[in-house]
Amino acid sequence: MRFCRFCGTTEIQFRKSGKFGCVHCVSVFEYPKPNFKKLISEKQIQTLENFVKKNTKYLTLLSLRTRITRNLKSKLFPFYEPSDIEIKRMLVERKIDSFLYPNGSLPTETRDKNLVSTMGLYLGSEDHLRFEKILSGEEWKREMFRPHSGSQTRLFRFLFQKEIWAKLPGLGFISSCPTNLGAGRRDSVLLGVDPELAIGFFSNLKTLSEFGIEFAPSTDHRLRNIGKDRVLVVKISWKNASVVQKRQFYKILGLLGSY
């Protein structure tokens, strides 16, 4: 039976949890590799874009969410080796500790229009540090043209300092979840879909699954009251998609680029 000689994670543990225990697990266990090179064709983009434009009044953008995960270089992942004190010290030294959510509490994606947008860090049980940013559909439009503050710039520089975080040549940043390898990033969109459009919506957009764009299982879809309307809340997410793939998808939804 395979096992990682550095952290002790066995193949059975890996198959059950789907999580790496350290950076060396990447070379021990088999896992699906993301396809960064496969891009959505212009014809497909045009077809889907026209479908979305035609049915705009039946679609409501509720929220957009970005998560970035990081693990410390030369450390086992939190399941084996929590490093909360070290992480907090690093945040204080860089004057970005104000972004740490109090008591480790996390924001949740809204299923209502009345979302208060949030951005911050928390100490994870699977990864040493996680960054979360949630924007309402309305806030998204303003955010695209708003410059980052000095503290936000320091935060993003910190998240991409190669000498701090676990990183491998040819793969990028290493997260506990294999599908987050590379950028260590996962994006998601919550849409409110008119129930009458649901069948057409899924039959048209399901073709995007081959590009790493995932639609939540039907059991995750719920009817919700958004204002006076009854809509089906649908979560669409993609892990580690390339910047081009994400921008292509945002273009289909009629959004301005990627953040």
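**Contacts and salt bridges in a predicted model**

In this predicted model, residues 24 or more positions apart account for 70% of the contacts in the protein chain that have a separation of 6 or more.

Me: How many helices and how many strands does the secondary structure of the protein chain come to?
Reply: The model is predicted, and helices and strands are taken as DSSP runs, with at least four residues for a helix and at least two for a strand. Counted in that way, the protein chain comes to seven helices and nine strands.

Me: What percentage of the residues in the protein chain is buried?
Reply: A residue counts as buried when its relative accessible area is under 20%. The protein chain has 259 residues, and the buried share of them is 47%.

Me: Which residue meets Lys251 in a salt bridge, and is that residue buried or exposed?
Reply: The side chain of Lys251, a residue in helix α7 (residues 243-253), reaches a partner in helix α2 (residues 42-54), so that the pair links distant parts of the chain, 202 residues apart. The N to O distance in this salt bridge with Glu49 is 2.9 Å. Lys251 itself is partly exposed at 39% relative accessibility, whereas its partner has a relative accessible area of 10%, which is under the 20% cut-off and therefore makes the residue asked for, Glu49, buried.

Me: How many residues apart are Glu11 and Arg15, whose side chains meet in a salt bridge?
Reply: The N to O distance between the side chains of Glu11 and Arg15 is 3.6 Å. Glu11 is partly exposed at 22% relative accessibility, and Arg15 is also partly exposed, with a relative accessible area of 46%. Both belong to helix α1 (residues 11-17), where a separation of about one helical turn corresponds to a spacing of four residues.

Me: Which residues are joined with Glu126 and Arg130 into one network of salt bridges?
Reply: The side chains of Glu126 and Arg130 meet in a salt bridge with an N to O distance of 3.0 Å. Glu126 is partly exposed, with a relative accessible area of 31%, while Arg130 counts as buried at 11% relative accessibility. Salt bridges that share partners join this pair into one network with two further residues, Lys19 and Asp127.

Me: How many salt bridges does the structure hold?
Reply: A pair is counted when a side-chain nitrogen of Lys or Arg lies within 4 Å of a carboxyl oxygen of Asp or Glu. The pair of Glu11 and Arg15, at 3.6 Å, is one of those that meet in this way, and the total for the structure is 13.

Notes
Residues numbered from 1 in each chain as written. Predicted model: local features only at pLDDT ≥ 70, side-chain atom pairs only at ≥ 80, totals over all residues. Heavy atoms only, no water. Buried < 20%, exposed > 50% of the residue type's maximum accessible area, 1.4 Å probe, protein only. Contact = heavy atoms within 4.5 Å.
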